[in-house]
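Q: I'd like a close look at the charged side-chain pairs in this model, their surroundings and how buried they are. Please carry on from there to whatever else stands out nearby or elsewhere.

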Amino acid sequence: MSERLKVAVAGNGIAGAAFVDELLKENPEEVSITLYGAEKVGTYNRVRLSEYMAGAVGLEELGMRPKEWYEECGIDLRLGVRVLEVNTEKQRVSGSDGKSVAYDKLVFATGSESFVPPIPGRHKEGVFVFRTVEDVERMLEATPERAVVVGGGLLGLEAAWGLVARGAKVTVVDLAGHLMSQQLDKTAGIMLRREIEKMEVGVRLGAFTEEITGGGKVRGVRLRDGEELAADTVVICAGIRPNVELAQACGINTNRGIIVDDHLQTSACNVYAVGECAEHEGVVYGLVAPALEQVRVAARCVLGDKEVASYRGSVASATLKVMGVDVTSAGNVYGEEEDSEAIVSSDPLNGVYRKVVIRNGKVVGAVLLGDVSGAPQLTTAVRRATPAEEVVELTLGSATKAFETLPLSDDAQICDCNGVSKEQIVVAITKKDANSISAVGAATKAGTGCGSCKPLIKQILEEALDTPVEEEKNHLCKCMRLSSEDIRGILRERKIRSVSALGEACGAGKACPDCKVGLAYVVSEVNANRHEEERHARHINDRVHANIQKDGTFSVVPRIHGGVTNPDQLRRIADVAEKYGARMVKITGGQRLDILGLKKKDLPRAWEDLGMPSGFAYTKAVRTVKTCVGTDFCRYGVGDSTGLGIRMEKAFENLYTPAKVKMGCSGCPRNCAEATVKDIGVVAVEGGWKVYVAGAAGMSVRAADELATVENPEEVMKVTSAFLQYYRENAEYKERTYDFVPRVGLEKIRSVILDEESGEPERLRRRLREAKEASFDPWEVERQQNKTKNQFAGVIGGE
């Protein structure tokens, strides 16, 4: 067997990760890959970074792969390791981990960094850039209330949306005359501004940022015209600069980017560059679609495919959602040349604008805002310089006629996030039996990014299958197209007690590891916690029983039942914080104390010194029961909310749930514990208690539904126990109660939970008790295991 081709990839962003995927797709048995990622987290979809900032998705939902995936693929992943030096003569790279690696082929995918203009005050506390997960987390730590975003391009508007979703008052400042001036013409920019201002975002255009004011900390922004904008946070989104320093240091030719030829090869032998760091024919592309086009050519060149077509440049194009507004931009959007013309359809009342730019009778550009139907066809028309008459009806006519007026070509890009063409989707449908949107996503990744291309995938499916595609089940395992209900049936029928055994039985979790965490929950729930625990199937937080932070340290939150503590517990928390160098101790919204900044190696000793149970703040489980002082101290209290809240928390602690569950217990209708915006809430009223479910107080606020009114705490425990178990058994993984209850229906839930004569409520409570009996405090287990190890070590030492 010949020796594998050694490929080193410097950069684990979208381009670097896509390049690795392409190598594995082309010939996985012939390559040995070393992948460097300067960030401490894995590859993620930067397009959705604003959603992470807004709290709409977690890190794991940004497309991040677990380390096990890389191990299974034989990839040497080096997270948090930056390539410091490249010797192109000896063909070796040296990383910040102090290790040197030989390569046969090297690929620069170093991306770009935020450009920060020399604005006076740019180094003050409270000034941020918006480029990475770490940037977002630093920003959120500062809890912005009034923010100014410098830059009205795509990144600036995405940052603004994330800040608005977090409750900040935001003003966007841009030197250009309209928003997104790189992608939109003036008319589209004006219409986008109107839509954004409806969200109460301030906009200042043609505005030069003179100075960021304040002492050591941001106080505001002064514009050249004299206007001063108050702010505690400034986010600079003034463009990006390719990361070329490493290439320059090893003598590779650079200009604005790393100069590459038509095969994406640099001036150094066996060294390539792709993505935002690459410059081809004087152009640096800062968009995903061109990077993916480069990756496909570069991967085949690296593998020695002499028949590969050359890279001839890309048409800059993107289809995305900007602050909730659908936008498509391709090619020349201005059409300012004398011989340029335009076909335009404009409906400013409804925020819809469609424009195609024509030159010499050919399509050279397109802008769609508000209605992006037909976007792949028009983008392809721009790439191919299609005759103008072929796109008139599509531009001006009904979106439903998109297929008839200008059918999609096979090479039309359907999914911009992952660079998937119509041909790839059709192959998945016809050759791989992908007969649903999720199956297409599992086979090609189409629709797994922002999701805006899913309607078009559905159309392609229906065209290829010549039959309507029904709305599909929510598949927990998308590769095997198995829903939570399917998985539960397999587990019960075959009496399976582990994720590994489940994989052997039906393939769930084997083709890719994306669903393993969800499978681990279902396996534990069906077996009432009498399952075989496999830590590899758990999220990193569950494996270490603490919440990982951006700097690799951990957050520890001990349980404080009902928010009631005592001097002894407070002393222990203070001692642990001091002893292990915590960077912060913070009171949480759930009436607990969060010890932040502990090292992983110190966690077991910290738990031992605390002597308190885990608060399960790091996982999908019952979190807290927030209480008020109730009848103990409050003049208005009509019920012992403190005692009942503590009772509820002790009854439900250590139980895992499909998504996190927060509870509240208020002693009177004044509702100081905010029980009516909790997953489960209880409020004392004259003569009894009201039980509420499915409330929310996060990104979307939802008043909880009243489930029942009962007479006493015993009845409260009965109703809440039955509801909690019903939710544990029937909700989809990651489905919060405020999504679950509307989906199932409040009346349906009442008919199950409150019908004592049927016996079902008691059966639910019995199953909850069984699960509770087998539950455990992971910190206590670790403490006992460490104690046993220490005792054993002492015996050995004594001998």
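A: Asp609 counts as partly exposed because its relative accessibility is 31%, a class that lies between buried (under 20% relative accessible area) and exposed (over 50%), using a 1.4 Å probe and protein chains only. Lys579 is on the exposed side of that scale, since its relative accessibility is 56%. The side chains of Lys579 and Asp609 meet in a salt bridge, with 3.0 Å from N to O; the term asks for a side-chain nitrogen of Lys or Arg within 4 Å of a carboxyl oxygen of Asp or Glu. Distant parts of the chain are linked by this pair, for Lys579 sits in helix 19 and Asp609 in helix 20 (residues 603-610), 30 residues apart. Helices here are DSSP runs of H or I with at least four residues, strands are runs of E with at least two, and both are numbered from the N terminus. Elsewhere, Glu729, Glu760, Arg763 and Arg767 are joined into one network by salt bridges that share partners.

Before going further, here is the footing: this is a predicted model, in which local features need pLDDT of at least 70 and side-chain atom pairs count only at pLDDT 80 or more, while totals for chains, interfaces and linings use all residues. Residues are numbered from 1 along each chain as its sequence is written, and side-chain values use heavy atoms, with hydrogens and water left out.

In total, the structure holds 47 salt bridges. One of them pairs Glu649 with Arg559, at 2.8 Å from N to O. This pair also links distant parts of the chain: Glu649 belongs to helix 22 (residues 641-652), and Arg559 to the loop between strand 31 (554-556) and helix 19 (567-579), with the two positions 90 residues apart. Both Glu649 and Arg559 are buried.

For a pair within a single helix, have a look at Arg193 and Glu197. Their closest N and O atoms are 2.9 Å apart in a salt bridge. Both residues lie in helix 6 (residues 186-197), four residues apart, which is about one turn of the helix. Arg193 counts as partly exposed because its relative accessibility is 26%, and Glu197 falls in the partly exposed class because its value is 35%.

Charged residues also appear around an internal space. The count comes to one cavity of 30 Å³ or more, where a cavity is a set of points on a 1 Å grid, over the protein atoms alone, at which a 1.4 Å probe fits but cannot get out. The largest cavity holds about 40 Å³, a volume filled by probe spheres set on points joined across faces, edges and corners. Its lining consists of Val499, Ala520, Val523, His531, Glu532, Glu533, Glu534, Ala537 and Arg538, lining residues being those with an atom within 4 Å of a point. By class, that lining has four nonpolar, one polar and four charged residues; Ala, Val, Leu, Ile, Met, Phe, Trp, Tyr, Cys and Pro count as nonpolar, Asp, Glu, Lys and Arg as charged, and the others, Gly among them, as polar.

On the wider layout, the chain is divided into domain 1 (5-112 + 242-302), domain 2 (127-238), domain 3 (475-538), domain 4 (542-617) and domain 5 (622-773), with bounds from an automatic or database domain assignment. The centres of domain 3 and domain 4, taken over C-alpha atoms, are separated by 31 Å.

Two backbone spots are worth a friendly pointer. His545, in the loop between helix 18 (540-544) and strand 30 (547-548), has a positive phi near 60° although it is not glycine, and it is buried because its relative accessibility is 10%. Asn654, in the loop between helix 22 and strand 35 (661-666), likewise has a positive phi, near 70°, in a residue other than glycine; it counts as buried because its relative accessibility is 10%.

Finally, two small residues. Ala299, in helix 8 (residues 288-302), is buried because its relative accessible area is 0%. Leaving aside residues up to four places away in sequence, Ala299 touches Phe19, Glu22 and Leu23, contact meaning heavy atoms within 4.5 Å. Gly630, in helix 21 (residues 630-633), is buried because its relative accessible area is 0%. With the sequence neighbours up to four places away left out, Gly630 touches Gly637, Gly639, Ser641, Thr642 and Gly667.

Notes: 1 Å grid on protein atoms, 1.4 Å probe; cavity = no way out; pocket = protein on both sides within 12 Å on 5 of 7 lines; lining within 4 Å.
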